[in-house]
Amino acid sequence: MPILEAFELYRFYHAREEETLALRGASIQIAKGEIVVVMGASGSGKSTLLACLAGLDEPDGGYVELVGKRLTRRPEFERARMRAANIGILLQSGNLFEYLSVEDNIRLKMHLARKLDEQRVKDLIAWVGLQERSKARPSQLSGGEAARAGLAVALATNPSLLLADEPTGEVDAETELKLLNLFKARRQEGGATLIATHSNLLAAHADRIIQLQDGRVIYG
Ligand code: ADP
Ligand code: ADP
């Protein structure tokens, strides 16, 4: 059974008199322990796809199944619960609550999944190199620090599926390499990772590359 399956997703946006079909029948399957890279030009639908896969957004057509259970067309609180149990999310819009410190953001994520573990909070903060900044609020962090804090939150529960949108956009080459090694370590433990990225380094090490164009999967 795939860890995540999306079947013929459609997503319309109506904004300022304009209609956009962000997804036009996109289907995707992710197996346990796979590193899948999604590539595509800006506007091809990558962020919309990730939001639908995470259950943060509801597609207008099609469905998503997470570990064999339907995620789409459920109330938000049920999607939130399924998300907390299975998925770590790293979106460009950020995944940090503004009124909580870095360490409390990590704790909240663990708490929602009933996996609060103070030692792991410490380890994660050290791993992303934010020991000196753990009491800071997101608005007090630099772009790179916020990206690393977001990564610690996304990994807090050691999720079986990690969804990352442009995780290397704001980070230096050293962090990019660290991310690659992290994704590989997850693969070894059976964790799946889906990354929307332009990084050639990540693409070179992916098990599969999916190409999106105008809301459709044209390759992969
Ligand atoms: P990508 O991540 O590949 O750049 P997006 O998923 O962000 O692509 O966008 C796909 C299309 O949907 C684009 O044409 C974009 O302008 C449009 N779009 C995305 N989000 C919204 C929104 N909230 N309202 C209106 N249009 C949107
Ligand atoms: P709640 O149970 O409070 O509704 P959510 O399920 O919405 O919590 O959020 C759980 C986690 O999902 C958050 O800690 C955050 O990491 C991520 N998340 C939620 N909404 C977004 C978003 N819009 N962008 C990025 N990540 C998000």
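What follows is a conversation between a student and a tutor about the predicted model shown above.

Tutor: This is a predicted model, in which local features need pLDDT of at least 70 and side-chain atom pairs count only at pLDDT 80 or more, while totals for chains, interfaces and linings use all residues. Residues are numbered from 1 along each chain, chains are lettered from A and ligands numbered from 1 in the order in which they are written, and side-chain values use heavy atoms, leaving out hydrogens and water.

Student: What is the average pLDDT of the protein chain?

Tutor: With pLDDT being the predictor's confidence in each residue, from 0 to 100, the chain averages 93, and 100% of the residues score at least 70. Among the elements, helix H5 (residues 143-155) has the lowest mean, 90, and strand S4 (residues 61-66) the highest, 98; helices (H or I, at least four residues) and strands (E, at least two) are DSSP runs, numbered from the N terminus.

Student: Why is Glu34 called buried?

Tutor: Buried means under 20% relative accessible area, exposed over 50%, and partly exposed in between, with a 1.4 Å probe and protein chains only. Glu34 has 14% relative accessibility, so Glu34 counts as buried. Its place is in the loop between strand S2 (18-30) and strand S3 (35-39).

Student: What makes the approach of Glu34 to Ala31 a polar contact?

Tutor: A polar contact is a pair of N or O atoms within 3.5 Å; within protein, one must be able to donate a hydrogen and the other to accept it, and residues adjacent in sequence count only if both atoms are side-chain atoms. The side chain of Glu34 reaches the backbone nitrogen of Ala31 at 2.9 Å.

Student: Which residues of the protein have polar atoms beside an oxygen atom of ligand 1?

Tutor: Gly45 has a backbone N or O atom 3.0 Å from an oxygen atom of ligand 1, a polar side-chain atom of Ser47 lies 2.8 Å from one, and for the side chain of Thr48 the value is 2.6 Å. Taken alone, ligand 1 exposes 560 Å², and the protein buries 62% of that, where accessible areas come from the Shrake-Rupley method with a 1.4 Å probe and, for residues, only the protein chains shown count as cover.

Student: Which helix gives the most to the shell around ligand 1?

Tutor: Helix H1 does, with three residues.

Student: What links Arg83 to ligand 2?

Tutor: An N or O atom in the side chain of Arg83 is 2.9 Å from an oxygen atom of ligand 2. The protein covers 71% of the 540 Å² of accessible area that ligand 2 has on its own.
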